[in-house]
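Grab a pencil and let's work through a protein model together. Try each task yourself before you read its solution.

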Amino acid sequence: MAARVLLGIALAVHLLYAALPLPLLATEGSDALVPAVAAVVPLLGLAWAASRYRYRPHRWSVVSLAVAAVQALGATAAIVVHLRPTEFHPALNLVVYLALWLPPTLFAWLAGRALLARPAEVLGTSPYQVNFPLRAVEKASANTDSVVVTDRAVEVWVQRAAGEPMLLAPGQKRGRVPWKTLPLNDITAATVRSAVPGEAPWAVLRNGPSQSVPSGEVAVVRFGTTDQVLPVEDPAKFAELIRVRTGRAPASRVAGPERELDAHVPEVLPAPEPVGPAVHPTRGPDDPLPTGPGLVARWLIAAPLALIGTAGLPLAVLLATGATAGFLAWTGVAVVVWLLNLRVPRVWGRVAFLPVPLALMWLATQQEWLLALPLVLCPVLGRLAGAVFTNWRGTDLGGSAVEVPFALRTGERLHVQRDRLVREADAKGVLPYALWLADVTLVQCGVRAAPEAGEWQSPGGYRTPVFDSPWLRIVAGRQQWLMATGELRLVAALVTARAATAAPAPPDHLDLAGWYRLRAWAVAKTDGGIVKLGLRKNGIGWRLGLAAVAGGFAFLLLPLAAALVPGAVCAVIALAALGDWARLRPRLREAEHHSLPPGSPNWGEVRPDHAPVFAYQPWA
């Protein structure tokens, strides 16, 4: 009853917003037409959504939020038209808009909560879909993983699985299909047990980290001979709901998992075969590698281009038009950012773009439109300067500390840095893998010649197809990488040269318990977002973008006495974003180097005269 009352109030508020502008049509004429359309037309979308999501109470608040966002615009505009010639301050209009936007959403959310709070015996005999949020060892704030019990199946929605390879029916879209669907007719048992320390992950993804089982009570659903662990909130209610909807009494208990006697922890499985066949080297290409122009020549070409694009052109344009101190100081910030990224030329184009938006704002206020044309060259010059190192490759780069990126044929990217190697996966939300160059013990070029494609597993479930192609093999400590690139001999030369002069790897005091905590934290920091809307949080880099935008507005507003308060707010946001990035980055960097826990055996066959995968042969 409470749910119906609350839902009726939400609907009444939507109808009230639609009715607000209608009386103005008679008095204000065409001025009230746009507010009336904005307030009334969304009711058509509400009617469509009501029929589509009638039995999905966990979606009611989202539907109301979307409809109210448009209706509140029309209602606010109607209020402004009605009060003319009195005008609100723009900030007050925003407050009115937010005040109109939130009430129907709040009542729709309360209605959904009231409905889902009913006992399982009542919900089980109703047609409503029941949503159970999934727990995690450490859960991201924007994580929406859940289990939905419909009248036909149990649907498991996992955000990270949105990029998983799957067969889609015609008309289906990736991200709108659950990771796993368990028909109710196939379920033979549903019960609750305590999580077992060290048990296998409950969700093993093809491209991404597996989902560990958090401590506490978990639900277990049995279909056929398979037990699916589901760490839902309120597992007892979940199991009872399954019992009611299937009409079958669940088993009195479901046994805990059997501990597998394997040296690798379950979170990093599956692992490659630990022993490979013995192989004999075959002759590889021996054409000379490009040497490059030399480091001095590279810097003489790149540094002027980068400085002209980052500071020269913006300063020339700003000084020619008499820009104020804030605009000039922001160009100095861009130079500082370039100096901080001196070893990362792949970002120089973005750094050179940093002063452009503020410079364009200044030119717009002065109506100097022609002077805006040279600013287009800023990111172009920055990109050209970076290309001197990233695209004009040669063995001379082995003696520098500049990062050299390589695109791999599997969609990944390899970054050869001063002291380490970083491999970025093609899938979103996968933490990069990293090796210390000082730990590298084997750099081997080879080729795989086999008609069928194979697979190479990386720790944590990310799989790479292994096809008929040249491959670069790198072993460092317990880890082993296989990478397909057309420049494997050049990459091998750079890695060998830099490994000879690399600084020793920092001491590692991480134990197994600490590794589990670090892994759960890193997974949470690269997780989140709303997959169905195409939004996804991937890592911590968005904080730098936020700092750049807020910092630019801070330099723009702080010199103005009338805008001191919003300028200070922007400055605080920029400093907070930078500080948060600086706080998180060292630990994420540590997690990149710990894809394997301490005490793990070697990742596959690491002997140089043995093949890590079938049909692999090293080059002599």
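Below are five exercises, each with a worked solution.

A note before you start: this is a predicted model, where local features need pLDDT of at least 70, side-chain atom pairs count only at pLDDT 80 or more, and totals for chains, interfaces and linings use all residues. Residues are numbered from 1 along each chain as its sequence is written, and side-chain values use heavy atoms, with hydrogens and water left out.

**Exercise 1. Get an overview of the protein and its confidence.**

Step 1: Count the elements. The protein has 17 helices and 17 strands, taken as DSSP runs numbered from the N terminus (helices H or I, at least four residues; strands E, at least two).

Step 2: Check burial. Of the 620 residues, 46% count as buried (buried is under 20% relative accessible area, exposed over 50%, partly exposed in between, with a 1.4 Å probe and protein chains only).

Step 3: Look at confidence, given as pLDDT (the predictor's confidence in each residue, from 0 to 100). The mean is 86, and 90% of the residues reach 70 or more. Over residues 528-537, though, pLDDT is below 50, and this stretch has 32 contacts in the model beyond near neighbours in sequence (contact means heavy atoms within 4.5 Å).

**Exercise 2. Find the largest nonpolar core and its best-connected members.**

Step 1: Pin down the term. A nonpolar core is a set of buried Ala, Val, Leu, Ile, Met, Phe, Trp, Tyr and Cys residues joined through side-chain atoms within 4.5 Å.

Step 2: Pick out the members. The largest core has 39 residues, and Trp348, Phe406, Leu414, Leu421, Leu472 and Ile474 touch the most other members. Helix α14 (residues 488-501) gives this core its largest share, six residues.

Step 3: Zoom in on Ile474. Skipping residues up to four places away in sequence, the residues that Ile474 touches include Leu421, Leu435, Trp481 and Val495.

**Exercise 3. Describe the largest cavity.**

Step 1: Know what to look for. A cavity is a set of points, on a 1 Å grid over the protein atoms alone, where a 1.4 Å probe fits but cannot get out; lining residues have an atom within 4 Å of a point. A volume is the space filled by probe spheres set on the points, which are joined across faces, edges and corners.

Step 2: Count and size. There are two cavities of 30 Å³ or more, and the largest holds about 280 Å³ of space.

Step 3: Go round the walls. The largest cavity has 22 lining residues, with Pro209, Leu431, Pro459, Arg519 and Ser595 nearest its centre. The largest share of the lining, five residues, comes from α15.

**Exercise 4. Where does Arg409 sit, and which residues is it in contact with?**

Step 1: Arg409 is in the loop between β8 (404-407) and β9 (413-416).

Step 2: Leave aside neighbours within four places in sequence, and Arg409 is in contact with Phe467, Ser469, Pro470, Ala484, Thr485 and Gly486.

Step 3: Take Ala484: Arg409 is 75 residues from Ala484 in sequence, but their C-alpha atoms are 5.5 Å apart.

Step 4: Arg409 is partly exposed, at 47% relative accessible area.

**Exercise 5. Look at two residues with a positive phi.**

Step 1: Recall the background. Most residues other than glycine have a negative phi.

Step 2: Asp234, not a glycine, has a positive phi of about 55 degrees. Asp234 lies in the loop between β7 (226-230) and α8 (235-246).

Step 3: Gln367, not a glycine either, also has a positive phi of about 55 degrees. Gln367 is in the loop between α12 (356-366) and α13 (377-390).

Step 4: Compare accessibility. Asp234 is partly exposed at 43%, whereas Gln367 counts as exposed at 60%.

Conventions: On a 1 Å grid over the protein atoms alone, a cavity is a set of points where a 1.4 Å probe fits but cannot get out, and a pocket is an open set with protein on both sides within 12 Å along at least five of seven lines; lining residues have an atom within 4 Å of a point.
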